[in-house]
Amino acid sequence: MTEVAHELQRPWLVHHLAAVAHGPLFTWAHSCVRTRASGEAAAHKALWRVHSAHRPRPLGDLLPHVPTADGTPPVPRPVMRLRGHSLQAERAFSQGLAHARAYYKEHGHLAVPKEDTPAGYPLGQWLANTRARHTRMPARQATALTALYPWWHAPWSTLWQRTWHHARAHTQTHGPLQPARGFPTTSYSLGEWLYLQCTRYPALHPEQQRLLTQIGIDAPAAATARPRRRSYAERFQVGLAHARAFADVHGNLAVVTHTAVHDGYPLGQWLANQRNHQRSNRRTMPADRAQALKTPFLMA
């Protein structure tokens with residue numbers, strides 16, 4: 001792109017492409033990358049194909065109506081639709097955009113799971129389809145979505161984006177993250193995700209790195225990050241959930257042996273540890289855990 005901009009004497013093209021991810025120029029650069037990766041003849045042919053959504057309208061469509069030589073008013077021409085998109089497609093986009101605005105107003109982002117249908121509208125599927133054809137979208141449609149949410153078609157997963165928003169909300173509620181201490185204020189799953197981003201920080205997309213910097217994880221902080229460790233209270237709740245799930249199915253826990261495993265969890269070992277702790281006089285069990293374990297079939 002730098003060489004093209006130099007030959008055309010338009011140096012601003014490089015900066016424009018870096019900032020805009022839609023339109024004919026971006027689509028052409030995108031095709032260049034795909035052509036080099038593919039190497040097939042069809043890909044080379046597609047390099048110079050301009051999608052109808054990016055073709056300019058004929059000049060005649062834009063000229064005003066000119067009176068005839070004898071002064072007779074010209075016959076009004078029919079309203080020309082924009083190239084590349086039917087009226088039905090335009091209405092469908094307007095409907096999807098309206099639902100996207102409502103979702104953004106409620107959630108603050110458009111990282112919608114593909115299967116979600118808020119208010120009965122398949123917004124997740126609509127966004128997925130729109131992302132798949134983003135290089136063939138008219139500029140006005142892409143501009144409308146970008147103005148609403150800049151990361152509507154980010155080059156990373158919507159799950160990553162949702163988790164980032166979750167992490168940002170956590171920092172707004174609980175204060176700055178503490179990577180060097182293993183993210184002690186977060187849930188175990190969020191702490192694991194944050195630590196994973198720290199370990200992959202050099203390989204992340206530059207904009208992902210910028211987003212992480214907004215929540216307090218820059219390169220130096222990522223280098224000092226420690227893994228998130230479950231507290232004893234968290235481990236207890238996991239074991240209790242498995243015990244209750246087993247009891248709901250079997251009616252009791254009497255059949256659980258020391259080596260029993262439930263859904264991959266060592267339930268037998270956990271039960272033995274809880275019973276030994278309750279019978280031991282060396283350390284008193286916290287009252288809330290003792291209350292949770294008072295179920296007769298659990299501690300028998």
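**View 1. The largest nonpolar core of this predicted model.** This core counts 19 residues, and Leu194, Leu212 and Ile217 make the most contacts inside it. Helices α9, α10 and α11 (206-214) each put in at least two residues, with α10 giving the most, at 4. It fits a familiar pattern: nonpolar side chains tend to be buried together in soluble globular proteins.

**View 2. Around Leu194.** Skip the neighbours within four places in sequence, and Leu194 still touches Ala167, Leu177, Phe183, Thr186, Ile215 and Ile217. One of these partners, Phe183, sits in the loop between α9 (158-174) and α10 (188-199). Phe183 has a relative accessible area of 0%, so it is buried. Its backbone is worth a look too: phi is near 55 degrees, a positive value in a residue that isn't glycine.

**View 3. Gln9, another positive phi.** Most residues other than glycine have a negative phi. Gln9, not a glycine, goes the other way with a phi of about 55 degrees. You'll find Gln9 in the loop between α1 (2-7) and α2 (12-19). Its relative accessibility is 68%, so Gln9 counts as exposed, whereas Phe183 from the previous view is buried.

**View 4. A second core.** Separate from the core in the first view, this one has 16 residues. Phe93, Trp126, Leu148 and Tyr149 are among them.

**View 5. Helix α6 against helix α8.** Helix α6 (residues 87-107) packs on helix α8 (residues 139-148) at an angle of about 5 degrees, their axes 11 Å apart. The two are therefore roughly parallel. From α6 come Glu90, Phe93, Leu97, Ala100, Arg101 and Tyr104, and they meet Arg140, Gln141, Ala144, Leu145 and Leu148 of α8. Sorted by class, that contact has 7 nonpolar, 1 polar and 3 charged residues. Phe93 and Leu148 turn up here as well as in the 16-residue core.

**View 6. The Arg140–Glu90 salt bridge.** Searching the whole structure gives 2 salt bridges. In this one, the side chains of Arg140 and Glu90 come together at 2.5 Å, N to O. The pair ties distant parts of the chain, with Arg140 in helix α8 and Glu90 in helix α6, 50 residues apart. Arg140 has 38% relative accessibility, so it counts as partly exposed.

**View 7. The Arg210–Glu207 salt bridge.** Here the side chains of Arg210 and Glu207 meet at 2.8 Å, N to O. Both residues belong to helix α11 and lie 3 residues apart, about one turn of the helix. Arg210 is partly exposed at 40% relative accessibility, and Glu207 is partly exposed too, with a relative accessible area of 27%.

Note on methods. Residues numbered from 1 in each chain as written. Predicted model: local features only at pLDDT ≥ 70, side-chain atom pairs only at ≥ 80, totals over all residues. Heavy atoms only, no water. Buried < 20%, exposed > 50% of the residue type's maximum accessible area, 1.4 Å probe, protein only. Core = buried A, V, L, I, M, F, W, Y, C linked by side-chain atoms within 4.5 Å. Contact = heavy atoms within 4.5 Å. Axes fitted to C-alpha atoms, helices over the stretch in contact; angles between N-to-C directions. Parallel < 35°, antiparallel > 145°, perpendicular 65-115°, else oblique. Nonpolar A, V, L, I, M, F, W, Y, C, P; charged D, E, K, R; others polar. Salt bridge = Lys/Arg side-chain N within 4 Å of Asp/Glu carboxyl O.
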